[in-house]
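Dear colleague,

I am handing over the structure below, and after it I have set out what was found when going through it. Please read the notes with the coordinates open beside them.

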Amino acid sequence: MSLRIFRPSRLLAPYVTAIWDYDDLMGADNSALTILPDTATYLCFLYADLLTTAHKDRIYTTRSGLAGFQSFRSDLGSFGKVSGVSARLTPWGLNVFCRGIVRDCAERRVDCRDIFPKYSIEEIEDNLSLKRSASERVQCVEHFLLSILNRDNEDLLIQTACKELDKSNGNHPISKLARTLA
């Protein structure tokens, strides 16, 4: 199993906090992997075998998928090799790639084919499988994200609210924040 973490390109940095390239995520013994609850959203592009995710009372089987805000753990499994590239998005990042689906992604995993054109996801998966290095695979995913980036969909209110909460280490009263941003 290998995992490499990359910083996003300058153009993606306002919306993507990190890009992870992983090869054989489950390891040689194909053991299950538990992901702890996370408030981040992830766009995951896999190029090997299907991934099974057990979350709450549902099981999702996808290749490339989007995992939204998770308040419960997720257990990952596969009957093969799980390899791919995942982009960890900022709290306001998803909207610039696909407007209006944040609520639909919370507490679940959504197949990328249900969000983006099926042919574009299949093309990314095929291209990733042909790349020889982690940096080439990351560039492939960055190229796709830049091709669908729409800054007109930025939610500046959410972005400002998140930055204010971050500056105060989460100790900003919500009622005061709401008055300030209104």
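**Cysteines**

The structure holds zero disulfides, and I should say at once that the model is a predicted one. A disulfide is a covalent bond between the sulfur atoms of two cysteines. For Cys-112, the closest cysteine sulfur is the one in Cys-44, and the two sulfurs are 7.5 Å apart, which is too far for a bond, given that a disulfide is counted only when the sulfur atoms are within 2.5 Å. Cys-112 has a relative accessibility of 0% and therefore counts as buried. Cys-98 is buried as well, with a relative accessible area of 15%, because the cut-off for buried is under 20%.

**The sheet**

Four strands form an open sheet in the order S3-S8-S5-S6, and their pairing is antiparallel. Its edge strands are S3 (33-35) and S6, each of which pairs on one side only, and from one strand to the next the twist averages 25°.

Within this sheet, strand S5 (residues 51-55) deserves a careful look, since its side chains alternate along the strand. Leu-51, Thr-53 and His-55 point to one face and are buried, whereas Thr-52 and Ala-54 point to the other face and are not buried.

On one side, S5 pairs with strand S6 (residues 58-62) in the antiparallel sense over five bridges, and Thr-53 stands opposite Tyr-60 in S6. The hairpin of S5 and S6 has two residues between the strands, and in this hairpin Lys-56 takes a positive phi near 55°.

S5 also runs antiparallel to strand S8 (residues 74-77), to which it is joined by four bridges. In S8, Thr-52 has Gly-77 as its bridge partner, while the bridge partner of Thr-53 is Leu-76. Thr-53 is thus a residue to find on screen, being buried, set opposite Tyr-60 in S6 and bridged to Leu-76 in S8.

**The helices**

Two packed helices are described by the angle between their axes and the distance between the axes. For helix H3 (residues 118-130) and helix H4 (residues 134-148), the axes come within 9 Å and cross at roughly 165°, which makes H3 roughly antiparallel to H4, as angles over 145 degrees are classed that way. The crossing in which H3 passes H4 is right-handed.

For helix H5 (residues 156-167) and helix H6 (residues 174-181), the axes come within 11 Å and cross at roughly 140°, and H5 is therefore oblique to H6. The crossing of H5 and H6 is right-handed.

The length of H5 can also be checked: at 1.5 Å a residue its twelve residues should span 16 Å, and its end C-alpha atoms are 16 Å apart, so the two values agree. Just after H5, Asn-169 takes a positive phi of about 55°.

**A loop glycine**

Is Gly-100, in the end, buried or exposed? Gly-100 is found in the loop between helix H1 (94-97) and helix H2 (102-105), and its relative accessible area of 54% makes it exposed, because the cut-off for exposed is over 50%. The C-alpha atoms of Gly-100 and Asp-24 are separated by 33 Å, the two residues being 76 residues apart along the chain.

With best regards

Notes: Residues numbered from 1 in each chain as written. Predicted model: local features only at pLDDT ≥ 70, side-chain atom pairs only at ≥ 80, totals over all residues. Heavy atoms only, no water. Buried < 20%, exposed > 50% of the residue type's maximum accessible area, 1.4 Å probe, protein only. Pairing = 2+ DSSP bridges. Expected span 1.5 Å × (residues − 1). Axes fitted to C-alpha atoms, helices over the stretch in contact; angles between N-to-C directions. Parallel < 35°, antiparallel > 145°, perpendicular 65-115°, else oblique. Left-handed = near helix turned anticlockwise from the far one by under 90°.
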